[in-house]
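User: Hi! I'd like to go through this one with you, if you have a few minutes. Can I just fire off questions as they come?

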Amino acid sequence: MALNQARSSLDSLISSFNTRIAELQELVIARNMYPASSITDLSAVDTSLAAIELQIQAIKNRLREEAETIPKAKKLIEASLRQQKILQSISVHVPSHIPQRATSLSLETEGSSLQKDANQPSGFGSIKLEEDPVVAPKEKKVRGPAPLWFITAEELDSLPSYMRGRLTLDKVNAALSDMAAYAEANSHLISAPKKKLAEDLWEKALELRDIAMKEGVKGKHFFLETDIKGPSLKLDHTGKATLTVLRHLGRISETRIGHHRVIMILKPH
């Protein structure tokens, strides 16, 4: 009985030993089966891992740089918002219609000739007439372009609602632009020599010179009610309301000379 047990234990030990030997043999075979390709594959894996590590480090560096620029970006945004508010405030006071410094009348004059005539001591220019000589006016000369003193949103808002009606800042300032163009056209007529003007314009120039010598008009840029022909200011309901607003704000004053209604452009107080 004891002999059988000893024999069974020895068989079990031999079997276990043989199994371990077989496992070791398989491991040796697996290790030595493809030695060259195994090394290459491992090297490629190592290279890929190193590249991935570099990319991760670059991403970390980029994230750090972006984080550092966030405060600067916030300051830039705040400055931009402040600038936007300033520009919006300015835009409220700037009219959408800016006049071109040109008259609607074809005077066919040269600037140098008009300037030379305007600087002569005879008032608005020394005019040689073939007949019916006209005495040069002695009033204060009107020099330079007609003034443009636009109104502000605060001025318009200060008026009673019944006076403003549906007028807007742009419409009123566009009307002021038209008035400046009318006055400048009249100033050119007053100072232009006869040979530069058509017959009908010469007659109007004589009439304007007579008006320019009147008390209260001397030295001021002015135009006549009959000059009002747009493009923005017209003798309709809106145009009359605009004239009322501008009189109330001190931009114009009116007087009647003969059969003419004369409107003068004033500097605001």
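User: Is E254 buried, exposed or partly exposed?
Analyst: This is a predicted model, and in it E254 counts as partly exposed, at 28% relative accessibility.

User: Thanks. Which residue does E254 form a salt bridge with?
Analyst: The partner is R261, and the closest N and O atoms of the two are 2.8 Å apart. Salt bridges with shared partners then bring E225, R247, E254 and R261 together in one network.

User: Nice. How many salt bridges does the count come to?
Analyst: Six. One of them joins R251 to E155, again with closest N and O atoms 2.8 Å apart. That pair links distant parts of the chain, 96 residues apart: R251 sits in the loop between helix 8 (237–248) and strand 2, while E155 belongs to helix 4 (residues 153–158).

User: And are those two buried or partly exposed?
Analyst: One of each. R251 is buried, at 4% relative accessibility, whereas E155 is partly exposed, with a relative accessible area of 22%.

User: OK, what does D227 form a salt bridge with?
Analyst: With K204, where the closest N and O atoms are 2.8 Å apart. D227 lies in the loop between strand 1 and helix 8 and K204 is in helix 7, so this salt bridge ties together parts that are 23 residues apart in sequence. D227 is buried, with a relative accessible area of 11%, and K204 is partly exposed at 23%.

User: Let's switch to the sheet. What is the strand order?
Analyst: The order is 1-3-2, in an open sheet of three strands with antiparallel pairing. Strand 1 (222–224) and strand 2 (252–257) are the edge strands, each pairing on one side only. From one strand to the next, the twist averages 25°.

User: How many bridges are there between strand 1 and strand 3?
Analyst: Three, with strand 3 covering residues 260–265 and the pairing antiparallel. If you want to find the register by eye, F223 stands opposite I263, and F222 stands opposite M264.

User: And how many between strand 2 and strand 3?
Analyst: Six bridges, also in the antiparallel sense. Here R256 stands opposite R261, and R261 is the residue that forms the salt bridge with E254.

User: How many residues lie between strand 2 and strand 3 in the hairpin?
Analyst: Two residues lie between them, and G258 in the turn has a positive phi of about 65°.

User: Which helices lie across the sheet strands?
Analyst: Helix 6 (residues 169–191) lies across strand 1, strand 2 and strand 3, at about 95° to strand 1. Helix 7 (residues 199–212) also lies across strand 1, strand 2 and strand 3, and runs at about 125° to strand 1.

User: How many of the six residues of strand 3 are buried?
Analyst: Five of the six are buried, so strand 3 is largely enclosed by the rest of the structure.

User: I keep looking at H260. Where is it, and is it buried or exposed?
Analyst: H260 is in strand 3, and it is buried, with a relative accessible area of 9%.

User: What polar contacts does its side chain make?
Analyst: The H260 side chain makes one with the side chain of E207, at 2.7 Å. Another, at 3.2 Å, joins the side chains of H260 and H259.

User: What else does H260 touch?
Analyst: Leaving aside residues up to four places away in sequence, H260 touches E207, I211, L224, T226 and T255.

User: Last topic, confidence. What does the pLDDT average?
Analyst: It averages 77 over the protein, and 70% of the residues score at least 70. Over residues 101–116 the pLDDT is below 50, and that stretch has 27 contacts in the model beyond near neighbours in sequence.

User: Where else does the pLDDT stay under 50?
Analyst: Over residues 121–142, for which the model has 40 contacts beyond four places in sequence.

User: Why should I be careful with stretches like those?
Analyst: Because predicted coordinates should not be read in detail where pLDDT is low.

Key
Residues are numbered from 1 along each chain as its sequence is written. This is a predicted model: local features need pLDDT of at least 70, side-chain atom pairs count only at pLDDT 80 or more; totals for chains, interfaces and linings use all residues. Side-chain values use heavy atoms; hydrogens and water are left out. Two strands pair if DSSP finds at least two bridges between them. Helices (H or I, at least four residues) and strands (E, at least two) are DSSP runs, numbered from the N terminus. Axes are lines fitted to C-alpha atoms, for helices over the stretch in contact, and angles run from 0 to 180 degrees between N-to-C directions. Contact means heavy atoms within 4.5 Å. Buried means under 20% relative accessible area, exposed over 50%, partly exposed in between (1.4 Å probe, protein chains only). A polar contact is a pair of N or O atoms within 3.5 Å; within protein, one must be able to donate a hydrogen and the other to accept it, and residues adjacent in sequence count only if both atoms are side-chain atoms. pLDDT is the predictor's confidence in each residue, from 0 to 100. A salt bridge is a side-chain nitrogen of Lys or Arg within 4 Å of a carboxyl oxygen of Asp or Glu.
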